[in-house]
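Student: I should like to work through this structure with you, beginning with its overall make-up and then turning to individual parts. May we begin?

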Amino acid sequence: MVDTLWQSLVLFYIPLFTYKDSSIDIWSMGSLWTISVVILVNVHLAMDISRWVLISHLAVWGSIIITYGCMVVLDSIPVFPNYWTIYHLARSPTYWITILLIIMVALLPRFICKAVYQIFWPSDIRIAREAEAMRQKPKDDLQSRRETSS
């Protein structure tokens, strides 16, 4: 719960402070928040995926691409009030840096906690995976030494 609260605060306040002295309108800010939350949620999800298969990649990266596509289509319709906002935003380096900053700052505490827990209090599954990897590695090294020496 604290993690979610932190991510929400970061998602709201970083763009707010980044663009506080600019002439950005509410539609542009909304577009920034929309894409930031989609990327944040998907990168958050990606941190918990232990086995990356094709469907995982399609789901995570595909939803980000589809969201961008929808924003481009919706921002291309002249009757909507947010007409052309994504095109103006995407030209600005501040937009891309803000998204990167949001993702990094929002997920940093989660990343640190995951790393600390995996190092000091690993799960049984993690221990079993490492034990299996350690058992396989010396066999491969020993076998390759025997093959090169003969």
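Student: What percentage of the chain is helix over residues 1–123?

Tutor: This is a predicted model. The UniProt record, in an unreviewed entry, places the feature "domain: P-type ATPase C-terminal" at residues 1–123. Over that range the end C-alpha atoms are 21 Å apart. Strand accounts for 0% of the chain there, and helix for 77%.

Student: How far does helix H2 reach from its first C-alpha to its last?

Tutor: Helix H2 covers residues 26–48, which amounts to 23 residues. At 1.5 Å a residue, a span of 33 Å is expected. The reach in the model is close to that value, at 33 Å.

Student: Which helices do the buried residues of H2 pack against?

Tutor: The buried residues of H2 include Met29, Leu32, Ile35, Val38, Ile39 and Leu40. Polar residues such as Ser28, Asn42 and His44 are also among the buried positions of H2. The partners of these buried residues are helices H1 (2–18), H3 (54–74), H4 (85–90) and H5 (93–120).

Student: Is Leu45 buried, partly exposed or exposed?

Tutor: Leu45 is located in helix H2. From Gly30 it is 15 residues away in sequence and 22 Å away in space, C-alpha to C-alpha. Buried requires under 20% relative accessible area and exposed over 50%. Because its relative accessibility is 44%, Leu45 is partly exposed.

Student: What accessible area does the nonpolar patch containing Tyr117 have together?

Tutor: Tyr117 lies in helix H5. Its patch on the surface also includes Leu108, Phe111, Ile112 and Trp121. Together, the patch residues have an accessible area of about 920 Å².

Definitions and conventions:
Residues numbered from 1 in each chain as written. Predicted model: local features only at pLDDT ≥ 70, side-chain atom pairs only at ≥ 80, totals over all residues. Heavy atoms only, no water. Helix = DSSP H or I, 4+ residues; strand = E, 2+ residues; numbered from the N terminus. Expected span 1.5 Å × (residues − 1). Buried < 20%, exposed > 50% of the residue type's maximum accessible area, 1.4 Å probe, protein only. Contact = heavy atoms within 4.5 Å. UniProt positions renumbered as here; feature names shortened; annotations may be inferred. Patch = residues over 30% accessible without salt bridge, like charges linked within 9 Å, V, L, I, M, F, W, Y side chains within 5 Å. Areas by Shrake-Rupley, 256 points an atom, 1.4 Å probe, with all protein chains shown as cover. Salt bridge = Lys/Arg side-chain N within 4 Å of Asp/Glu carboxyl O.
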